[in-house]
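Reader: Got a minute to go through a model with me? I'd like to start with the empty space inside, then move on to a sheet.

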Amino acid sequence: MVTEDCWPTMDLLRSEPMQLVHLIIPIESSRRAISYLGDLGLFQFKDLNAEKSPFQRTYAAQIKRCGEMARRLRFFRDQMKKAGLSHSTMSTMSDDNDLDRLEVKLGELEADLLEMNSNNEQLQRTYSELLEYKLVLQKAGGFFSSAQSSATAQQREIEVQPLGERSIDSPLLLEQEMTTDPSKHVKLGSVSGLVPREKSLAFERILFRATRGNVFLKQAVVNGPVVDPVSGEKVEKNVFIIFYSGERAKNKILKICEAFRANRYPFTDDLGKQFQMITEVKKEKSVYHTLNMLSIDVTKMCLVAEGWCPVSASIQIQNALQQATFDTNCQVGAIFQVLQTKESPPTYFRTNKFTSAFQEIVDAYGVAKYREANPGVYTIVTFPFLFAVMFGDWGHGICLLLATLYFIIRERKFSSQKLGDIIEMTFGGRYVIFMMALFSIYTGLIYNEFFSVPFEIFGPSAYGCRDPSCRDATTAGLTKVRDTYPFGVDPKWHGSRSELPFLNSLKMKMSILLGVAQMNLGIVLSYFNAKYFADKLNIWYQFVPQMIFLNSLFGYLSLLIIVKWCTGSKADLYHVMIYMFLSPFEDLGENQLFWGQGFLQVLLLLSALVAVPWMLFPKPYFLKKQHEERHQGQSYALLLTGEDPLEDDQEDNHNSKGHEEFEFSEIFVHQLIHTIEFVLGAVSNTASYLRLWALSLAHSELSSVFYDKVLLLAWGFNNVIILIIGIIVFISATVGVLLVMETLSAFLHALRLHWVEFQNKFYEGTGYKFCPFSFALLSSEDED
């Protein structure tokens, strides 16, 4: 289930304050400092050596060494996979890693393993010859059958001998325990590998006899055949591990393994160490890659770094640098200095496992500009709600909820596994689907649909039937016999002839109300963006006329819908809106909903007409005026500034160039396009929200068809086989069409409504993500 730390906070509304930082790090503590910053994961380095090739950089040799060690480790890993062994996923971190010693050790192990592989190839050729020889012996196998029977009988006689007759076979371990000091502990050795399953019993017996029972053998059956590295064939095998004490027992075990052609695989006792070595090599390689992005000051024996970090992380970064200085016993500490810059910082939003998927939906459209209002906060609610408006069925919502809860409850297991593309995408969006399911249950209760079947959950229906059959009744054939149904659609509407016209009208008007509300939210957010960036032009010549234009037309339409619902009027809203433009002074007659409606329509129409030039003309002229005031008097810069005329002249030329780059015609054309886009978009975007109505009706009708034409039809035959077939077809159609295809369709349409109809009102999305150097972001598949 969702825990409290999964829920969003208001920190998502605007990105974290960022600062450009200048670091001066002594060379002695540079590697440790970068390593600590990688653990912290809050500093994004800038490449100060971008003009240099990878081979010209300072730490190219160290990266090459790490790459060579990574190659050797990949070689060991491939050999382990080939042997059927797997490494542990647990990591035991250590700070005393000696890469030089590790490099030598890996070289020795690689040489030994290469020699072993060469020997294995020779054994494979020998084994192929023995296979041919085995075929010859099989034909003469009958000659040895009697000898085999005799040997088997002798083995059974030895096994059933009394204990008293086997005094010379008494376990050596017991004798050793009696003769040694109890305070001394014996360290047991081990041999592990794979043995063919057909030889496993004989292998066990020979081991027991040869060591007089002083070994402990444990076997595990391997499911399915494995490829023998010697023969290259698939053979049924068992994994074994043998624990022993003493060198003599070890020599006997090794000889028996060789005799039975049991493949042995020695490995360290601590499998976590193997995983740790691979992880540490990757970390060291990434550290040197980062060090190559720093510039070296040879005279001061230090490294210079520049990068971005959140303002809130300044103390943590300084503490990490101080810790690196302390650990390396460096005499000079690292310097942390904030730089003043006009460069646009990266965008960083703090997210958790609940909010990250919603933020990814927004980032797929475009990363927010630095400190721009983040629509991800509102998407957490609006996205699943708009999906649910199209997917409203609380039966289908429960199915989605159960499927999502499975991923949420077992998320720790799934997060450590490799999943397929579709499963991984579903698992990554599990909290999005969770919210979609909850809202679908809510809207399904409003629509009163459970697999298209209505229920009287919140009380009895408010209507009674005049005729015996309610299915053929219209609203005129129903009489209200009790209070209005308390929540959602009255169940009597379902199945009546007036159901479709009623739901058509309801859902269409509801879609318009939701669309106008969300578009108004987008325009309001543009106001907060303009206010935050102190852009008064956008407030007065973009936000205000846009609010006037949108609400003079479609805000007024939303008001008419609400008034009509409240009063029960039969006014034709299509006629009202069309003739508001064609004949604004015409008497409304039966279509009048309230007093003064005609005068209000004329006032709103004039306001909408005024809002268009309000958006178009003032802003370009004020921008031109601001630009001229900004550069006024720049020709006197040489008299006002001081000592370096050449520098002042260069600055003057730069300002002149900036002055020439301002093109009023381009600004005006851009504003013209923006105005036309908003005016036409106000109509098309409002119409686009009607997809909520269309997909909701489609989902309801498909669900009704599957229920009536499949399940009820099969039930009517009074035949068990036909009923079972009908249930199977109904479940398959429900899962395949309604729970998969319709879910995907509603998801994509909700995505479009957020990207186009909502975010284009205020969201630029021209920023770039904050990508800090972090060991946590190192991919397990990164082998470069």
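Author: Sure, and keep in mind that this is a predicted model. One term before we start: a cavity here is a set of grid points where a 1.4 Å probe fits but cannot get out, and lining residues have an atom within 4 Å of a point.

Reader: OK, how many cavities of 30 Å³ or more are there?

Author: Two cavities reach that cut-off. The largest has a volume of about 60 Å³.

Reader: Which residues line the largest cavity?

Author: His-575, Tyr-579, Met-580, Ser-583, Pro-584, Glu-586, Asp-587, Leu-588 and Gln-601. By type, that lining divides into four nonpolar, three polar and two charged residues.

Reader: And which helix gives the largest share of the lining?

Author: That's α18, residues 573-582, which supplies three residues.

Reader: Switching to the sheet: what's the strand order?

Author: β4-β7-β3-β8, an open sheet of four strands with antiparallel pairing.

Reader: Why do β4 and β8 each have one side without a neighbour in the sheet?

Author: Both are edge strands: β4 (216-221) and β8 (263-264) have a single partner strand each, so one side of each is left free of a neighbour in the sheet.

Reader: How many bridges hold β3 and β8 together?

Author: Two, in the antiparallel sense, with β3 covering residues 189-196. Leu-194 stands opposite Asn-263 of β8.

Reader: Which helix packs on the sheet?

Author: Helix α7, residues 247-259, touches β3, β7 (237-244) and β8. The direction of α7 makes about 165 degrees with that of β7.

Notes:
Residues numbered from 1 in each chain as written. Predicted model: local features only at pLDDT ≥ 70, side-chain atom pairs only at ≥ 80, totals over all residues. Heavy atoms only, no water. Pairing = 2+ DSSP bridges. Contact = heavy atoms within 4.5 Å. Axes fitted to C-alpha atoms, helices over the stretch in contact; angles between N-to-C directions. 1 Å grid on protein atoms, 1.4 Å probe; cavity = no way out; pocket = protein on both sides within 12 Å on 5 of 7 lines; lining within 4 Å. Points joined across faces, edges and corners; volume = space filled by probe spheres on them. Nonpolar A, V, L, I, M, F, W, Y, C, P; charged D, E, K, R; others polar.
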